Amino acid sequence: MDLYSGHINKLIEELSGLPGIGTKSAQRLAFHLINLPQERVDRLARTMMEAKANVRYCKECFTLTDKEVCPVCANEGRDHRMIMVVENARDLAAYEKTGKYMGVYHVLHGAISPMLGIGPNDIKLKELMQRLQTDIAEVIIATNSSLEGETTAMYISKLIKPTGIRVTRIASGVPVGGDLEYIDEVTLLRALEGRTEL
Ligand code: ZN
């Protein structure tokens with residue numbers, strides 16, 4: 001692949017390392033970027049660096065935020081005794097979009113996957129267990145219905161059961177392996193309302 005200059009090849013290589021971007025899309029994006037006015041490229045690069053430098057984990061739920069505590073955790077009107085466990089910040093956003101869930105969240109940043117070598121210590125599980133030391137009424141496990149999501153759900157429920165805290169799992173009906181963020185709001189609400197005891 002020496003058709004292009006080294007700089008373009010490098011750019012294509014970087015872009016094709018992003019999720020959902022194949023070599024063809026990476027090429028298209030690379031040429032698009034090269035043809036943009038200089039100030040647009042500067043702005044894009046600056047925005048990426050500023051986001052990376054300023055975004056951090058909420059110290060309570062571990063979602064991504066600009067502040068020490070995210071707006072959901074900071075909201076006194078939310079039910080802080082109800083914690084919904086999700087795999088990532090995008091899943092949290094999907095549930096927030098329904099506007100119907102009034103509890104708070106816990107973002108694991110991944111799921112247990114023996115195949116990929118991701119164990120319980122590689123996700124924010126210890127942090128969840130720490131939160132359960134306070135007065136918690138229910139933990140709703142809303143990990144994906146993929147193999148990893150189900151494995152994680154079973155693992156978490158086994159950990160929590162002895163504490164006596166109510167543990168529930170959102171209803172399936174969420175397509176197998178489907179990311180929560182792609183599921184419409186009605187389906188998400190139905191999954192939440194139809195949750196079952198674990
Ligand atoms: Zn938070």
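The following questions and answers explain how several descriptions of this predicted model are reached.

Q: What makes the site of the zinc ion tetrahedral?
A: Four donors count as tetrahedral if all angles lie between 85 and 135 degrees. The angles among the four donor atoms of the zinc ion are 106 to 117 degrees. These values lie between the two limits, so the site is called tetrahedral.

Q: Why are the SG atoms of C58, C61, C70 and C73 counted as donors of the zinc ion?
A: A donor is an N, O or S atom within 2.8 Å of the metal. The SG atoms of C58, C61, C70 and C73 coordinate the zinc ion at 2.3 Å, so they meet this condition. Along the chain, the donors follow the spacing C-x2-C-x8-C-x2-C.

Q: What makes the pair C61 and C73 a tie between parts of the chain?
A: C61 belongs to the loop between β1 (56-57) and β2 (64-65), whereas C73 belongs to helix α4 (residues 71-74). The pair therefore ties together parts that are 12 residues apart in sequence.

Q: How do you know whether C61 and C73 are buried or exposed?
A: A residue is buried when its relative accessible area is under 20%. The value for C61 is 1%, and the value for C73 is 6%. C61 is therefore buried, and C73 is therefore buried.

Q: Why are helices α1 and α2 called oblique to each other?
A: Helix α1 (residues 6-16) and helix α2 (residues 23-35) pack at an angle of about 125 degrees, and their axes are 8 Å apart. Angles of 65 to 115 degrees count as roughly perpendicular and those over 145 as roughly antiparallel. An angle of about 125 degrees falls in neither range, nor is it under 35 degrees, the range for roughly parallel, so α1 and α2 are oblique. In addition, α1 passes α2 in a right-handed crossing. Among the residues that make the contact are I8, L11 and L15 of α1 and A26, L29 and L33 of α2.

Q: What makes E197 exposed or buried?
A: The relative accessible area of E197 is 51%. Exposed means over 50%, so E197 is exposed. This residue is found in strand β7 (residues 196-197).

Q: How do you know which residues E197 touches?
A: Contact means heavy atoms within 4.5 Å. Not counting residues up to four places away in sequence, E197 touches R166, V167 and T168. E197 and T168 are 29 residues apart in sequence, and their C-alpha atoms are 4.4 Å apart in space.

Q: Why is I136 counted as buried?
A: The relative accessibility of I136 is 11%. The limit for a buried residue is under 20%, so I136 counts as buried. I136 has its place in the loop between α6 (125-131) and β5. Leaving aside neighbours within four places in sequence, I136 is in contact with H80, R81, I83, R131 and I165. I136 and I83 are 53 residues apart along the chain, and their C-alpha atoms are separated by 7.7 Å.

Q: Which residues of helix α8 are buried, and what do they pack against?
A: In helix α8 (residues 185-193), the buried residues are T187, L188, L189, A191 and L192. These buried residues pack against β3 (79-86), α5 (89-98) and β5 (138-141).

Definitions and conventions: Residues numbered from 1 in each chain as written. Predicted model: local features only at pLDDT ≥ 70, side-chain atom pairs only at ≥ 80, totals over all residues. Heavy atoms only, no water. Donors = N, O, S within 2.8 Å, 3.2 Å for Na, K, Ca; no water. Tetrahedral: all angles 85-135°; square planar, octahedral: opposite > 155°, others 65-115°. Helix = DSSP H or I, 4+ residues; strand = E, 2+ residues; numbered from the N terminus. Buried < 20%, exposed > 50% of the residue type's maximum accessible area, 1.4 Å probe, protein only. Axes fitted to C-alpha atoms, helices over the stretch in contact; angles between N-to-C directions. Left-handed = near helix turned anticlockwise from the far one by under 90°.
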